[in-house]
Amino acid sequence: GNILVFKNQSSKYAVSVYQGEMDLKEKVDLDFIPGKAFNVDFVVYPDFFYLIYQYQKRGVVYCMAAKIDGNVKKINEPVLLDTTQVGAFGDNKIYSVIVSEDKQKIMVFKIQKRDDKFNFVTLLYDNQLQMIHKTREALDYNERKDIYSDFLVDNEGNFVFTKSIKSGNRDDIGTLDLIIKTSLQDTFSIKNIPLNKRYIDEVKVKVDNVNKRYLVNSFYYMERRGNIAGV
């Protein structure tokens with residue numbers, strides 16, 4: 001019954017609790033979040049939410065989760081989900097959070113680029129933040145040619161995305177792969193999608209959980225740098 005507004009000001013974090021016609025009930029300081037946290041994500045349920053946040057301390061990035069009720073009271077103390085050594089000057093915004101449509105699966109994943117590879121770590125949880133499976137896997141990555149779509153997790157806990165490969169040094173995409181890691185699998189399954197001599201533009205992926213399918217969409221054209229011919 002409350003509307004919660006998360007605030008971040010000068011490395012201090014709080015949630016304002018509103019009721020009815022946006023009447024301010026109270027402001028709750030989130031003093032358990034260290035200063036200079038980043039990539040704050042929310043997974044919202046009818047009577048509580050998870051606040052998943054990251055912070056860096058002495059070259060280590062910590063990914064934490066707190067369970068909070070509708071009045072912004074902690075249900076339990078924040079728990080550590082994962083850590084990554086990045087060094088003093090490494091890229092520290094490495095964790096992402098995705099949630100299945102039914103909110104029964106939560107995935108925290110990170111990607112680190114090293115030696116022309118994308119190194120993935122995926123951590124799959126249930127809706128109680130109990131670990132289901134953790135995977136480490138790598139894919140070849142050419143930053144001049146390879147394009148990855150958004151990353152999704154379906155209701156079964158499968159990790160899904162596409163990889164497009166440009167034709168030469170131009171922006172035309174001539175190769176498309178659908179990449180799936182099932183919930184308990186340790187490796188990626190890669191399936192090429194034939195383009196039948198068509199070139200495509202930006203690729204979008206949607207999960208159809210009802211029919212257990214993936215919908216992969218893009219504009220296409222019949223020649224490089226040609227006009228769009230259809231979808």
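In the predicted model, Val43 contacts Phe48, Phe49, Tyr50, Ile52, Val97, Val99 and Ile106, leaving aside residues up to four places away in sequence (contact: heavy atoms within 4.5 Å). Residues are numbered from 1 along each chain as its sequence is written, and side-chain values use heavy atoms, without hydrogens and water. Because the model is predicted, local features need pLDDT of at least 70 and side-chain atom pairs count only at pLDDT 80 or more, whereas totals for chains, interfaces and linings use all residues.

The largest nonpolar core (buried Ala, Val, Leu, Ile, Met, Phe, Trp, Tyr and Cys joined through side-chain atoms within 4.5 Å; buried, under 20% relative accessible area with a 1.4 Å probe, protein chains only) has 20 residues, of which Val43, Tyr50, Ile52, Leu81, Ile106, Val108 and Tyr125 touch the most other members. Two or more residues each come from β4 (38–44), β5 (48–57), β6 (60–69), β8 (95–99), β9 (105–113) and β10 (strands: DSSP E runs of at least two residues, numbered from the N terminus). A second, separate core of 16 residues includes Val17, Leu30, Ala37 and Val72.

The structure contains 26 aromatic pairs (ring centres of Phe, Tyr or Trp, the latter by its six-membered ring, within 6.5 Å; stacked if the planes are under 30 degrees apart). Phe118 and Tyr141 are stacked, at 4.0 Å centre to centre and 10° between the planes. Phe118 belongs to strand β10 (residues 117–126) and Tyr141 to the loop between β11 (131–140) and β12 (146–148), so this pair ties together parts 23 residues apart in sequence. Phe118 is buried at 14% relative accessibility, and Tyr141 is buried at 15%.

Definitions and conventions: Rings of Phe, Tyr and Trp (its six-membered ring) pair if their centres lie within 6.5 Å; planes under 30 degrees apart count as stacked, over 60 as edge-to-face and the rest as tilted. Helices (H or I, at least four residues) and strands (E, at least two) are DSSP runs, numbered from the N terminus. Buried means under 20% relative accessible area, exposed over 50%, partly exposed in between (1.4 Å probe, protein chains only).
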